[in-house]
Every structure is written in structure tokens, then in C-alpha cells.
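Biologist: Hi, I'm new to this one. Could you pull it up and walk me through it?

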Amino acid sequence: MTTTAPPRLDEQFPTPQPSRSPGRLRNSQLAATAAVLLFALVAIGQLLQLRSDLADRPQLTTQGVRLSQLQAELVRAGRIAAVGPIGGKDTAELDASLASASALVIEAAAAGADPAQLTAVNTALGTYGYQLRLAASGTDVSRSPEYLADADRTLTTSLQPALDGLSSGVDQQAAAAGWLGWALGAGGVAVLCVLVWAWFQSSRLSHRAVNPGLAIAVVLVAIMTVLVVNAAGAAGAGGSTDALQRAAGLARIQIGVETSAKLQAQAVLAKRFPADAAKAELAARDAATKGIDNTTPNDVRRASSTAVDNLKDSAELLAKASWAPAGAVLLGLDGSSLPKNLTALDKATDAEMDQLLSDAQAAPAAQSTGILVAAIAVALMAAAAAVTVIWGIGTRLREYQ
């Protein structure tokens with residue numbers, strides 16, 4: 001007889017495979033902690049870099065504001081040159097305006113504007129000033145419209161493109177860090193997604209839906225994201241961009257008013273006001289009116305609105321070919337307040353732009369402190385979030401084991 005040995009114990013009860021759940025919990029713990037700390041390190045590094053870059057902000061604002069002033073001053077000089085021959089005035093006011101334009105070029109250069117483009121602007125400015133002086137000299141009034149047309153061509157084909165290039169470069173530099181806020185915000189959202197994934201893993205493996213540690217970490221990372229985005233936005237672009245936009249808005253108002261007056265003076269000199277000139281003059285007045293918004297100072301608003309009213313009266317006279325009465329309005333005769341309003345507008349816009357530069361000089365100190373506080377707060381919250389992640393998942397891991 002043969003006997004069969006009983007099966008071994010391990011054959012009766014197969015050894016179970018080791019559970020992979022603890023490893024998955026540890027992996028999610030590691031991934032969530034690393035994501036929080038990496039986001040904090042990147043955010044702090046970017047904030048500190050922005051803090052070191054704050055010293056360049058006032059120079060950048062100075063470039064943009066002075067370029068806006070220069071564009072307005074060039075049109076103002078054209079208006080002075082066009083009005084001068086009507087009343088037989090000398091060129092003293094024109095010379096002062098052109099000197100102001102040259103000084104603005106020098107200030108923009110001192111603030112670090114592109115030297116090559118500024119050289120082109122300065123060369124074109126010399127030609128422009130020469131043509132305006134010929135028109136305003138009064139030695140041959142019949143040729144003044146021709147000289148003014150030459151000056152307008154120089155302004156539109158040489159000066160304005162160079163100034164637009166400079167302004168565009170300044171705007172790009174001022175907004176260069178604007179993307180940083182969005183990038184950091186996207187990074188914060190990505191970290192939140194990692195935390196939610198870790199929470200899901202913990203809940204699925206431990207069958208416990210609530211995880212206090214991960215909940216606290218999610219709140220801390222959300223606060224960190226908001227803090228970092230706000231700090232980056234304020235330091236990277238906010239002050240400079242706002243100042244440049246306000247300066248450009250003030251320049252648009254002044255350019256609109258001065259362009260309208262210049263076109264009307266040219267019509268008086270030529271004793272003709274064709275449809276295309278009338279359309280351009282009306283568009284200039286409309287641009288000045290539309291340029292006024294809630295940020296426009298009251299003195300600028302008042303001077304520009306009154307000047308536009310004066311120009312409406314003279315435009316109606318030009319439409320009737322009443323050249324002498326229209327010229328009287330432009331010269332400030334017969335009770336017209338246009339010259340006074342134009343002077344008041346020039347002074348008001350200059351004062352406001354100077355105030356923008358003063359504010360830009362004072363802003364970096366306050367922003368620097370704010371950025372430093374934000375960086376410290378991010379470091380503390382990141383450390384707390386990492387600890388709560390380790391504690392929250394570690395608790396579930398111990399419960400599982």
C-alpha cells in the first residue's frame with residue numbers, strides 16, 4: 001500500500017501578495033510635499049528677483065512719460081508755428097516749445113532710452129524745427145502752408161515712427177513681468193491639483209474621505225497662490241504700466257486739442273478748408289473729448305473741454321469761409337479764451353506728468369518692503385503646508401498599517 005503525504009501548509013493556504021497601498025500612500029505623500037516646496041522655492045526666487053529689479057522701474061517710467069510729453073510738445077510746436085503768421089507773432093514761443101522738446105529727448109536719454117532710436121528722433125527733430133521756423137518767420141506768409149506741410153510730413157514719416165518704436169519698447173519692458181503673475185498662478189493651481197490627487201488617493205486607500213492635514217495644506221497653498229500673484233503683479237508691472245497709461249492718456253487729450261487748432265490755423269493761412277481737412281480736425285476734437293476719463297485731473301478736464309468749445313466755434317466759422325473771424329478765435333481776439341485754455345492745458349498736463357514721475361520714484365521703497373514680507377509669508381506657509389501634508393497622509397498610513 002502506498003500512502004500520500006498531506007499537502008504542506010503553504011500549499012493549503014497560499015501566501016498573500018504584499019499590499020501596494022502603503023507604497024502608494026508614501027508616493028502621494030512625497031509627490032504632494034515636493035510639489036508644495038518646489039512651488040514655494042520658485043515663487044520666492046521670482047519675488048526676490050522682482051525686488052532687485054525695482055530700481056529700474058523709475059527710469060522706465062521716466063522714459064515713457066517723457067516720450068508721451070514729447071509727442072504732445074511736437075504737435076504743440078506745430079500749432080504755434082501755424083498760428084504765428086496769422087497774427088504776425090515772433091518765434092519766441094515756438095523756440096521755447098522746440099527747446100522743451102529737445103530737453104525731453106535729453107531726459108529720455110538720461111533715463112536709458114534706446115540711444116540709436118533717440119539719435120534718429122533728434123535728427124528728425126532738427127529738421128522739423130527748421131521747417132516750423134520757416135513757416136512761423138512770416139517773411140513769406142504765402143509759403144507758410146507749404147513749410148507747414150513739409151513739417152507735417154517730417155512729423156508723420158520720421159518723428160512719429162521713431163517715437164512709436166521707443167514707446168513700444170518701453171511698454172514691452174514695463175509689461176515684461178506681467179506674464180509672471182499668470183505663470184505663478186498656474187503653478188499654484190497645479191500644486192492644488194497634486195494635493196487633490198493625493199487626497200483622493202488617501203481617501204480611496206484608507207476609506208476615509210476627510211483628511212485634515214491635506215485640507216489645511218490646500219487652504220495654505222491657495223492663500224500662497226493669491227499672495228504670490230498679487231505681489232508679482234504689483235512689483236512686476238503695476239506701477240509702471242499705470243503711470244505709462246495715464247501719461248499716454250494725457251498726451252492723447254493734448255494732442256487732440258493741439259492738432260485741431262493746428263489744422264484750423266493751416267486752413268486760415270491757406271484760406272481753404274477742404275472736406276478731408278475738416279474731417280481730420282473733427283476727429284482730433286473727438287479724440288480729445290474721448291480721451292477724458294475718471295483718471296483725468298480736473299484742471300486738465302476743464303482746460304481741454306473749454307478749448308474744445310472754442311474750437312467748435314472756430315470750426316463753424318471755417319465751414320462758412322469766415323477766415324478772419326476764425327483767425328481771431330485762434331489768436332484769442334474778440335473775447336476768445338482759446339490761447340489761455342491751451343496754455344492752461346499744457347501746464348496742467350506737464351504738472352500731472354511730473355507728479356507721475358514723483359510717485360514712480362517713491363513707489364519702489366514701499367513695494368520692496370511688501371515683496372519681502374510676501375516672500376517670508378510664502379516660506380512660512382509652504383513649510384506649514386509641507387508639514388500638514390506629511391502629517392495628514394502619515395496618519396492614514398499608520399491607520400492602514
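**Helix packing and salt bridges**

Modeller: Sure. Helix H3 (residues 57-87) packs with helix H4 (residues 92-110) at an angle of about 160°, and their axes are 9 Å apart. Keep in mind that this is a predicted model.

Biologist: Are H3 and H4 roughly parallel or roughly antiparallel?

Modeller: H3 is roughly antiparallel to H4, because the angle is about 160° and anything over 145 counts that way.

Biologist: And which hand does the crossing of H3 and H4 have?

Modeller: H3 passes H4 in a left-handed crossing.

Biologist: Which residues make that contact?

Modeller: On the H3 side they include Arg66, Leu67, Leu70, Leu74 and Ala77. On the H4 side, Leu94, Leu98, Ala101, Leu104 and Glu107 are among them.

Biologist: How many residues of the contact are nonpolar, polar and charged?

Modeller: The contact of H3 with H4 divides into 12 nonpolar, five polar and five charged residues.

Biologist: Let's switch to salt bridges. How many does the structure hold?

Modeller: There are 11 salt bridges in the structure. One of them brings together the side chains of Asp95 and Arg133, at 3.0 Å from N to O.

Biologist: Where do Asp95 and Arg133 sit in the chain?

Modeller: Asp95 is in helix H4 and Arg133 is in helix H5 (residues 115-136). They're 38 residues apart, so the pair links distant parts of the chain.

Biologist: Is Asp95 buried or exposed?

Modeller: In between: Asp95 is partly exposed, with a relative accessible area of 29%. Arg133 is partly exposed too, at 37%.

Biologist: What about Arg153 and Asp150, where are they?

Modeller: Both lie in helix H6 (residues 144-174), three residues apart, which is about one turn of the helix. Their side chains meet in a salt bridge at 2.2 Å, N to O. Arg153 counts as partly exposed at 46% relative accessibility, and Asp150 counts as partly exposed at 23%.

Biologist: Which side chain does Asp152 meet in a salt bridge?

Modeller: Asp152 pairs with Lys262, at 3.0 Å from N to O. That pair also links distant parts of the chain: Asp152 is in helix H6, Lys262 is in helix H8 (residues 212-270), and 110 residues separate them.

Biologist: Are Asp152 and Lys262 buried or exposed?

Modeller: Asp152 and Lys262 are both buried. There's also a network: salt bridges that share partners join Arg66, Glu107 and Asp354. You've met Arg66 and Glu107 already, in the contact of H3 with H4.

Biologist: New topic, Asp346. Which helix is it in?

Modeller: Asp346 is found in helix H12 (residues 338-400). Asp346 has a relative accessible area of 10%, so it counts as buried, the cut-off being under 20%.

Biologist: What is Asp346 in contact with?

Modeller: Setting aside neighbours within four places in sequence, Asp346 is in contact with Glu73, Arg76 and Gln254. Glu73 and Arg76 are also H3 residues in the contact with H4.

Biologist: Last one: where does Ala288 lie, and what does it touch?

Modeller: Ala288 lies in helix H9 (residues 275-290) and is buried, with a relative accessible area of 1%. Not counting residues up to four places away in sequence, Ala288 touches Arg252, Ile253, Gly256, Val257 and Val308.

Biologist: And how far apart are Ala288 and Ser304 in space?

Modeller: Ala288 and Ser304 are 7.5 Å apart, C-alpha to C-alpha, with their positions 16 residues apart in sequence numbering.

How values were computed:
Residues are numbered from 1 along each chain as its sequence is written. This is a predicted model: local features need pLDDT of at least 70, side-chain atom pairs count only at pLDDT 80 or more; totals for chains, interfaces and linings use all residues. Side-chain values use heavy atoms; hydrogens and water are left out. Axes are lines fitted to C-alpha atoms, for helices over the stretch in contact, and angles run from 0 to 180 degrees between N-to-C directions. Helices (H or I, at least four residues) and strands (E, at least two) are DSSP runs, numbered from the N terminus. Angles under 35 degrees count as roughly parallel, over 145 as roughly antiparallel, 65 to 115 as roughly perpendicular and the rest as oblique. A crossing is left-handed if the near helix is turned anticlockwise from the far one by less than a right angle, and right-handed if clockwise. Contact means heavy atoms within 4.5 Å. Ala, Val, Leu, Ile, Met, Phe, Trp, Tyr, Cys and Pro count as nonpolar, Asp, Glu, Lys and Arg as charged, and the others, Gly among them, as polar. A salt bridge is a side-chain nitrogen of Lys or Arg within 4 Å of a carboxyl oxygen of Asp or Glu. Buried means under 20% relative accessible area, exposed over 50%, partly exposed in between (1.4 Å probe, protein chains only).
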